[in-house]
Amino acid sequence: MSGRGDGATGGRRAETRQRLYRAAAELIAEQGFAATTVDAIAERAGVAKGTVFYNFGSKEALFAGLLDHGIERLADALAEAARAPAASPVAVLDALMLAQLRFFDEYGPFARVLLAELWRAAWQDAILRLRTSVLAVYERVLADAVAAGELRPGFDTGTAATAVFGMVLTVAIERRALHPGQPVEDVHATLAELVHRRISP
């Protein structure tokens, strides 16, 4: 098979996986992992049931792939925000919160999946990846803020990173569910003010 053909096949498979990820995220957000069946995922994605098994082997493997994929994309979004020029580390922290809000505005079902399903014992590997690739971005920026004197010496950056991430995640879900017309920027302004008042020296 030619390289061109391989590329086309790979592209189609990647597109199919994206459709399965979207379908799985929507269904799991709506009814939970246990109640979501392979048949329902295939139907929502518009593919045959066998396509799920061909691409992932099982519902559990599909969900693990969904977590990996979503966490990787979120980590990329936060890392990009952290690289943007900013006046100070606290300003970078603001940029991270805005990037997280925008990500979950675009991928709302994945936000609900993280909140409801990620912390089960079965997904410890995904929790570790979240810690090392997503929360670590927050933690590095908070550590920079401590070094710059913007946060007090001895500030617990690990706990703070988890707290800020969790706060933004919860608010993002509530906004989509209850206040979908509220601008993300307005939500961000409130969160930024709250964080500045609580963590400043």
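**Group meeting: salt bridges and core of an all-helix model**

Let me start with a pair of side chains: E185 and R102 form a salt bridge, with their closest N and O atoms 3.2 Å apart. E185 sits in helix α9, residues 184-199, and R102 sits in helix α5, residues 89-106, so this pair ties together parts that are 83 residues apart in sequence. How exposed are the two partners? E185 comes out at 41% relative accessibility, which counts as partly exposed, and R102 is at 45%, also partly exposed.

Before I go on, a word on what we're looking at. This is a predicted model. The mean pLDDT for the protein chain is 91, and 94% of the residues get to 70 or more. Where is the confidence lowest, and where is it highest? The low end is helix α1, residues 3-31, with a mean of 84, and the high end is helix α2, residues 38-45, at 97. The usual caution goes with that: where pLDDT is low, predicted coordinates shouldn't be read in detail.

Okay, the overall layout. What is the chain built from? Nine helices and zero strands, so if you read along the sequence, you just get α-α-α-α-α-α-α-α-α. The C-alpha trace spans about 60 × 40 × 35 Å along its principal axes. The chain has 201 residues, and 43% of them count as buried. The exposed area is about 10,400 Å², with carbon and sulfur atoms supplying 54% of it. And for the contact-map people: take the contacts with a separation of 6 or more, and 70% of them are between residues 24 or more positions apart.

Back to the charges. The general idea is that side chains of opposite charge can pair when their charged atoms come close. How many salt bridges does a search of the whole structure find? Seven. I've shown you one, and I'd like to go through two others.

Next up is D105 with R175, whose side chains meet in a salt bridge at 2.7 Å, N to O. D105 is in helix α5 and R175 is in helix α8, residues 157-178, so here the pair ties together parts that are 70 residues apart in sequence. Is each partner buried or exposed? D105 is partly exposed, at 31% relative accessibility. R175 is at 9%, and since buried means under 20%, R175 counts as buried. So if you're keeping track of helix α5, R102 in that helix pairs with helix α9, and D105 pairs with helix α8.

The third one is between E30 and R44, at 3.1 Å, N to O. E30 is in helix α1 and R44 in helix α2, so this bridge ties together parts 14 residues apart in sequence. Both ends are partly exposed: E30 at 49% relative accessibility, R44 at 38%. There's also a third member here, because E26, E30 and R44 are linked in a network of salt bridges.

That brings us to the annotations, and these come from an unreviewed UniProt entry. UniProt puts a feature called "domain: HTH tetR-type" at residues 14-74. In the model, that span is 82% helix and 0% strand, and its end C-alpha atoms lie 18 Å apart. UniProt also lists a "DNA-binding region", at residues 37-56. That span is 80% helix with 0% strand, and the end C-alpha atoms are 14 Å apart.

Now the inside. The largest nonpolar core has 66 residues, and the ones with the most contacts inside it are L67, F104, Y138 and F165. What does L67 touch, once you leave aside neighbours within four places in sequence? You get F110, V113, L114, L118, W123 and A126.

One more residue to click on is V168, in helix α8. Its relative accessible area is 0%, so V168 is buried. Leaving out neighbours within four places in sequence again, V168 is in contact with M97, Q100, L101, Y138 and L191. Y138 is a name we just had, as one of the residues with the most contacts inside the core. And for a sense of distance, the C-alpha atoms of V168 and I71 are 15 Å apart, while along the chain the two are 97 residues apart.

That's the tour. Happy to rotate the model if anyone wants another look.

Technical notes. Residues are numbered from 1 along each chain as its sequence is written. Side-chain values use heavy atoms; hydrogens and water are left out. pLDDT is the predictor's confidence in each residue, from 0 to 100. Helices (H or I, at least four residues) and strands (E, at least two) are DSSP runs, numbered from the N terminus. UniProt positions are given in the numbering used here, feature names are shortened, and annotations may be inferred rather than shown by experiment. A nonpolar core is a set of buried Ala, Val, Leu, Ile, Met, Phe, Trp, Tyr and Cys residues joined through side-chain atoms within 4.5 Å. Buried means under 20% relative accessible area, exposed over 50%, partly exposed in between (1.4 Å probe, protein chains only). Contact means heavy atoms within 4.5 Å. A salt bridge is a side-chain nitrogen of Lys or Arg within 4 Å of a carboxyl oxygen of Asp or Glu. Accessible areas come from the Shrake-Rupley method with a 1.4 Å probe; for residues, only the protein chains shown count as cover.
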